[in-house]
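Reader: I have a model open in my viewer and I'd like to go through the labels people put on it. Can you walk me through them?

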Amino acid sequence: MKDIETLLTEAETGKVNRIEERITEEAMPFWKGCCERVIAGRPIKPYVVHRLLREEYGIKISESAVRNHFTNIAENNGE
């Protein structure tokens, strides 16, 4: 059974973003920079972000997860 406090927190804030949980402290500046560019309307190639996260930081996140995350950010920010 899930922790009640976790469920209440999710009910308040929405679904927990699993991608951001996997980004390491070292990779966070790169990740935040990518997200800021998406919000600004600048094109980011998810397959390149996926490759760079894997090669440079050892983080395994699927290309489709990166693409979906960027799409959600753009939609939530009026793109």
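**Five helices, label by label**

Author: Sure. The protein has five helices and zero strands, and along the sequence the pattern reads α-α-α-α-α. Keep in mind that this is a predicted model.

Reader: How do you know how far to trust the prediction, overall and element by element?

Author: Look at pLDDT, the predictor's confidence on a scale from 0 to 100. The mean for the protein is 88, with 91% of its residues at 70 or more. Among the elements, helix α4 (residues 46-57) has the highest mean, 97, and helix α1 (residues 4-13) has the lowest, 77. Where pLDDT is low, the predicted coordinates should not be read in detail.

Reader: Why is α3 called roughly antiparallel to α4?

Author: Check the angle. The axes of helix α3 (residues 28-39) and α4 cross at roughly 170° and come within 11 Å. Anything over 145 degrees counts as roughly antiparallel, so α3 gets that label against α4.

Reader: And what makes the contact between them?

Author: From α3 you have Phe 30, Trp 31 and Cys 34, and from α4 there are Val 49, Leu 52, Leu 53 and Tyr 57.

Reader: How do those residues of the α3 contact with α4 divide into nonpolar, polar and charged?

Author: Seven nonpolar, no polar and no charged. Tyr, Trp and Cys count as nonpolar in this scheme, in case you'd have filed them elsewhere.

Reader: Now α4 and α5. Why is that pair called oblique?

Author: Their axes come within 8 Å and cross at roughly 125°, with helix α5 covering residues 63-76. Roughly perpendicular covers 65 to 115 degrees and roughly antiparallel needs over 145. An angle of roughly 125° fits neither range, so α4 is oblique to α5. The crossing is also right-handed.

Reader: Which residues meet there?

Author: Pro 46, Tyr 47, Val 49 and His 50 in α4 meet Glu 63, Val 66, Arg 67 and Phe 70 in α5. By class, the contact has five nonpolar, one polar and two charged residues. Glu and Arg count as charged. Val 49 is also part of the contact of α4 with α3.

Reader: What about the whole thing: how many of the residues count as buried?

Author: Of the 79 residues, 24% do, the cut-off being under 20% relative accessible area. The C-alpha atoms fill a box of roughly 40 × 30 × 20 Å along the principal axes.

Reader: What share of the contacts with a separation of 6 or more comes from residues 24 or more positions apart?

Author: That share is 57%.

Technical notes: Residues numbered from 1 in each chain as written. Predicted model: local features only at pLDDT ≥ 70, side-chain atom pairs only at ≥ 80, totals over all residues. Heavy atoms only, no water. Helix = DSSP H or I, 4+ residues; strand = E, 2+ residues; numbered from the N terminus. Axes fitted to C-alpha atoms, helices over the stretch in contact; angles between N-to-C directions. Parallel < 35°, antiparallel > 145°, perpendicular 65-115°, else oblique. Left-handed = near helix turned anticlockwise from the far one by under 90°. Contact = heavy atoms within 4.5 Å. Buried < 20%, exposed > 50% of the residue type's maximum accessible area, 1.4 Å probe, protein only.
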